[in-house]
Amino acid sequence: MVAYKLTISKRVLKIILLLIIPWVFVVFLAPFYNTAEPYFAGWPFLYWYLLIWIFIQPVFTFIVFKYIDKEKW
Amino acid sequence: MFSNIDYALFFLLVITVIVVSFLGAKWRKADFSKISEWSIGGRKFGTLIIWFLMGGDIYTAYSLISIPGGSYGLGGFILYAVVYGTMSYPFLYYVAPRLYLIAKKRGMITGGDYVKERFESPILALLVALTGILAMLPYIALQIVGIQYVLQAMSFPVDESYVIAFLIVAAFTIVAGLRGPALGAIIKDVIIWSVIIIIFVVLFIQFNGFSTVFAKMSVEHLNFLIPPKLMIGYITLGFGNGIAWLLFPNLLTGIFSSKDAKTLKKNYIFLPVYQIWLLFLAIFGLIALTENLVPNKVSSLAFPMLVTAYFPPTFVIIVFAAIIIGSMIPAAIQSLSAANLITRNIYLEFFNKKASEKRQVLVARVFVFIMILASLVFALTPAASGLIFYLLTMSYAWLLQTLPAIILSLYWPKLDKFSVAAGWVVGITFTTYGLFTVNFSSSLLPWLGYSYVGIVGLALNLITLFVVHAIVRISNVKYKSGIKPAEFVDFDSAEPGIKEWRPDDFGKSKEL
């Protein structure tokens, strides 16, 4: 029984893309993104920053799916 | 305010969801003499069903009411709900396939089943199961109370409507198992998606892309940012909830019902789209605030009042139908997952070890009814309905204390049951004590910089775990794991390139 295992470097990359990046940019940087300036289309930074992260993170997750886990769609 | 045609439309939508949920029993050759067929739909849901099911479970009537209410009352603080969703999905992508695959291989139905086999400890499984059951009870009761205003606005008798609506929920869950809410969730989400998008587009145009809302808030010095005083609370709540989703019995039920791990992974790429609801809902709450739409500042009325102010009655009643449906489907999944825990980790383990699968299905069906009944009693007794919110803040923080048992144990083969149990006791004791110090009024502790009680509890839980584990190792206490480290895998197939998961790769999957 041989389980499909990732190499160490791929595993680290996976942890960075799935855990470290969202934890840092979406959660722990909160004191820095909690500002009104710069506005975009009348939206304060806090709101459009969190809005674009709703779409950025799935891109990273997809990269893991396609290029690290090499899953077929 | 509503015409007879409006009411007809309302009943048409609600009844459609109910009928479809009942029809779940006939869907995909259900054989209800098997517990896994009834409780997790036979582990064969594909990508689209899982998307609707999980979305239907996570984004409930409670979010429709509490997120606008939150931004109405506290400004940007409520955005922590957006944050923990964004962080939860990639976290689930990392951890959920591992738990899912071991559960599939061993025929596990609940988180308790996993803990029991991993630590060979029915007692530890019982602790995890009790934590889960206790968390589901106020959660279901909250779905019931959440529709109160909507019922009043339609001049329905509130208490009688609660009882009728949730006995129907119990009925279709008992008849169809998870297939019921899974099918119902499709209609529920189609309705709520349409409603939210329509409201968004109309208000987006009305308020000039919401720029006038934010402009008015700055002029009137209203806070749409996160109050700096609550920053630690925001971060710890976001992080604490962001790592807790795998511990929720209702979400675990959805995860276990997937047909393979790849289906889950695809969903963690596409489920985050639901998050835009939360952001939109937060903005809706700000509009209710700037336009002064809410009488007596009752924040839970922000969303219904906003809709009533800007839309014709026919649309308002569709939104109300969406709220009612949005409370029924999640309540079905929650009561079912609690019933699974009671059946598998209490009844089967401690009362009737030889219960046949048929018997287990019967017991689980009885407990769905009991869970709904208990939640109704909670919701209907005035003394108890105040208690719901206490229990809810407590139960979330409590659930987080099962993280070592369910998640840490996936990655740490040497983890023993003694240290996990000791950590659990310390975590539960601290969170309960912490909530007492604030009279259960909030889950943030003012005497610790407003940090989230669950995260502080988890930190103490982990410290205890490491200390006790060191003692266990030094003193050579014997402990076992029912699962070999090599059995934990992250991929459906044993080798890359093999598409199908083959039971033979691991030996025949054991039917329990």
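Biologist: What makes two side chains a salt bridge here?

Modeller: A side-chain nitrogen of Lys or Arg must lie within 4 Å of a carboxyl oxygen of Asp or Glu. By this rule, this predicted model has 16 salt bridges over all chains.

Biologist: Why is the pair E71(A) and K265(B) called a salt bridge?

Modeller: The closest N and O atoms are 2.9 Å apart. The cut-off is within 4 Å, so the pair counts. The pair also crosses between chains. E71(A) sits in the segment after α3 of chain A, and K265(B) in helix α14 of chain B. Both residues are buried. They belong to a network of salt bridges with K14(A) and D69(A).

Biologist: What makes R344(B) and D113(B) a pair that ties parts together?

Modeller: Start with the distance. Their closest N and O atoms are 3.0 Å apart, and the limit is 4 Å, so this is a salt bridge. R344(B) lies in helix α17 and D113(B) in helix α6, so the pair ties together parts 231 residues apart in sequence. Both R344(B) and D113(B) are buried.

Biologist: How do you know that K480(B) and E120(B) meet in a salt bridge?

Modeller: The N to O distance is 3.5 Å, and the rule asks for within 4 Å. K480(B) follows α22, while E120(B) is in the loop between α6 and α7, so the pair links parts 360 residues apart in sequence.

Biologist: Why is K480(B) called exposed, but E120(B) partly exposed?

Modeller: Exposed means over 50% relative accessible area, and buried means under 20%. K480(B) has 59%, so it is exposed. E120(B) has 38%, which falls in between, so it is partly exposed.

Biologist: What makes S155(B) and N208(B) worth a look?

Modeller: Most residues other than glycine have a negative phi. Phi of S155(B) is near 50°, and phi of N208(B) is near 55°. Both values are positive. S155(B) is in the loop between α8 and α9. N208(B) is in the loop between α10 and α11. Their relative accessible areas are 60% for S155(B) and 54% for N208(B). The cut-off is over 50%, so both are exposed.

Biologist: Why is chain B called as compact as a globular protein of that length?

Modeller: Chain B has 22 helices and 2 strands. Its radius of gyration is 23 Å, and the globule rule gives 24 Å for 512 residues. The two values are close, so chain B is as compact as a globular protein of that length. Buried residues make up 65% of chain B.

Methods: Residues are numbered from 1 along each chain as its sequence is written. Chains are lettered from A and ligands numbered from 1 in the order in which they are written. This is a predicted model: local features need pLDDT of at least 70, side-chain atom pairs count only at pLDDT 80 or more; totals for chains, interfaces and linings use all residues. Side-chain values use heavy atoms; hydrogens and water are left out. Helices (H or I, at least four residues) and strands (E, at least two) are DSSP runs, numbered from the N terminus. The radius of gyration is taken over C-alpha atoms; the globule rule is 2.2 Å times the number of residues to the power 0.38. Buried means under 20% relative accessible area, exposed over 50%, partly exposed in between (1.4 Å probe, protein chains only).
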